[in-house]
Structure formats: C-alpha cells, structure tokens
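User: I'd like to learn how to read cores and salt bridges off a model. Can you walk me through it?

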Amino acid sequence: MDKITLERINLLHPKLREEALDIYTEICEALTGRAICRFSHTLRTFAEQDALYSQGRTKAGKIITKARGGQSYHNYGLACDIVLLIDKDGNGSYETALWDEKTDFDGDKKADWQEIVNIFKQYGWEWGGDWTFKDAPHFQKNLGKSVRELLALYNAKKVDSHNYVLIS
C-alpha cells in the first residue's frame with residue numbers, strides 16, 4: 001500500500017476514514033499490473049481552495065475548480081482526488097503520474113481507472129466524472145450534508161477538537 005495515500009486517508013473526516021481505507025484496500029487488490037492508485041488530495045484548507053479557485057481567473061493557468069474556500073467537500077474532509085502512478089521500467093518505483101481513464105495496465109480487460117470508479121461507487125461515493133463539469137479524479141461522499149450546511153456548521157464552530165465539522 002502507498003504510504004502517502006494512507007497518510008491522506010487519515011486526513012479525511014473521521015466518519016469516512018475506515019470506509020476510505022476499505023475502498024483503498026479493494027483498489028490495491030484490483031490493480032495487479034504496472035499501475036497503483038494514489039489519493040493525491042483529500043482534506044484541503046479554505047486558503048488552499050481559494051488558491052486553486054484563483055487559477056485561470058486572477059492567476060495563470062486553466063480553471064480547475066468552480067468552488068471557492070468553504071464550497072468544496074474537500075474543505076471538510078469529505079472528498080478525495082486520485083491519480084494513477086505507473087511503474088514504467090518495472091523497478092517498483094511508480095515514477096510516472098497519469099490521469100488515464102482508458103488503459104488496462106493489468107490486462108484484466110477493464111480500464112484500471114474504471115475499476116477504481118466502480119469500487120468507490122459501490123460504497124456510495126459520487127464521481128466527478130459523471131458531472132457536466134467533468135472532474136474525473138474527484139470522488140466525494142456528502143454524508144447527507146450540502147456544502148452550504150457544512151459551511152454553516154463550520155461557521156457556528158460546531159467542530160470537533162481537530163476542526164472537523166460535527167456530522168450526526
């Protein structure tokens with residue numbers, strides 16, 4: 001298992017950590033070839049979200065998000081982004097990052113990316129690849145709360161000792 005992904009799972013909302021670990025375990029079992037899955041982003045601060053939002057607007061680059069700080073499930077530890085890491089030379093280092101939705105690196109006749117999508121969906125996570133504004137690396141589970149509700153809870157200081165919004 002990828003140590004960085006395990007660390008990022010521990011940044012998710014406490015209500016999602018065990019489930020995310022189960023998902024990641026299934027992903028690791030499903031991908032048996034030259035590709036592994038890494039959770040590239042989980043929890044993101046409001047400031048980090050605002051910096052991403054400014055990209056393509058007030059900063060150079062293309063627009064990559066429609067959400068300002070407080071408007072993304074990432075800001076509450078309820079979302080993750082993934083990337084495939086590929087071991088091109090067979091030395092076990094997984095040195096190349098890809099966002100390839102079509103390749104079957106393990107030869108099981110299923111695109112590795114789609115295998116990951118299917119596993120997340122089995123657990124009830126929403127996939128950004130199904131949206132009008134496609135965000136194929138993104139998965140989220142809202143636990144019955146809109147971002148507006150989460151922001152209201154956050155602003156009302158209804159958070160635990162680690163600043164995660166209290167969700168009943």
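Analyst: We'll take the core, then the salt bridges; keep in mind that this is a predicted model.

User: Okay, which residues have the most contacts inside the largest nonpolar core?

Analyst: A core is a set of buried nonpolar residues joined through their side-chain atoms. Here the largest one has 35 residues, and the best-connected are Ile27, Phe39, Ile82, Leu84, Ile116, Phe120 and Phe139. Helices H2, H4 and H5 and strands E1 and E2 each supply at least two residues of this core.

User: What is Ile27 in contact with, leaving aside its neighbours within four places in sequence?

Analyst: Cys37, Phe39, Ile116, Ile119 and Phe120.

User: Now the charged pairs. How many salt bridges does a search of the whole structure find?

Analyst: It's 5. One of them joins Asp2 to Arg38, with the closest N and O atoms 2.8 Å apart. That pair links distant parts of the chain: Asp2 sits in the segment before helix H1 and Arg38 in strand E1, 36 residues apart.

User: Is Asp2 buried or exposed?

Analyst: The cut-off for buried is under 20% relative accessible area. Asp2 has 11%, so it counts as buried.

User: Where do Glu7 and Lys3 lie?

Analyst: Both are in helix H1, 4 residues apart, or about one turn. Their salt bridge has an N to O distance of 3.6 Å. Glu7 is partly exposed at 43%, and Lys3 is exposed at 60%.

User: And which residue does Glu19 pair with?

Analyst: Lys141, at 2.9 Å between the closest N and O atoms. Glu19 is in helix H2 and Lys141 in the loop between strand E5 and H5, 122 residues apart. Lys141 is buried, at 17%.

Note on methods. Residues are numbered from 1 along each chain as its sequence is written. This is a predicted model: local features need pLDDT of at least 70, side-chain atom pairs count only at pLDDT 80 or more; totals for chains, interfaces and linings use all residues. Side-chain values use heavy atoms; hydrogens and water are left out. A nonpolar core is a set of buried Ala, Val, Leu, Ile, Met, Phe, Trp, Tyr and Cys residues joined through side-chain atoms within 4.5 Å. Buried means under 20% relative accessible area, exposed over 50%, partly exposed in between (1.4 Å probe, protein chains only). Contact means heavy atoms within 4.5 Å. A salt bridge is a side-chain nitrogen of Lys or Arg within 4 Å of a carboxyl oxygen of Asp or Glu.
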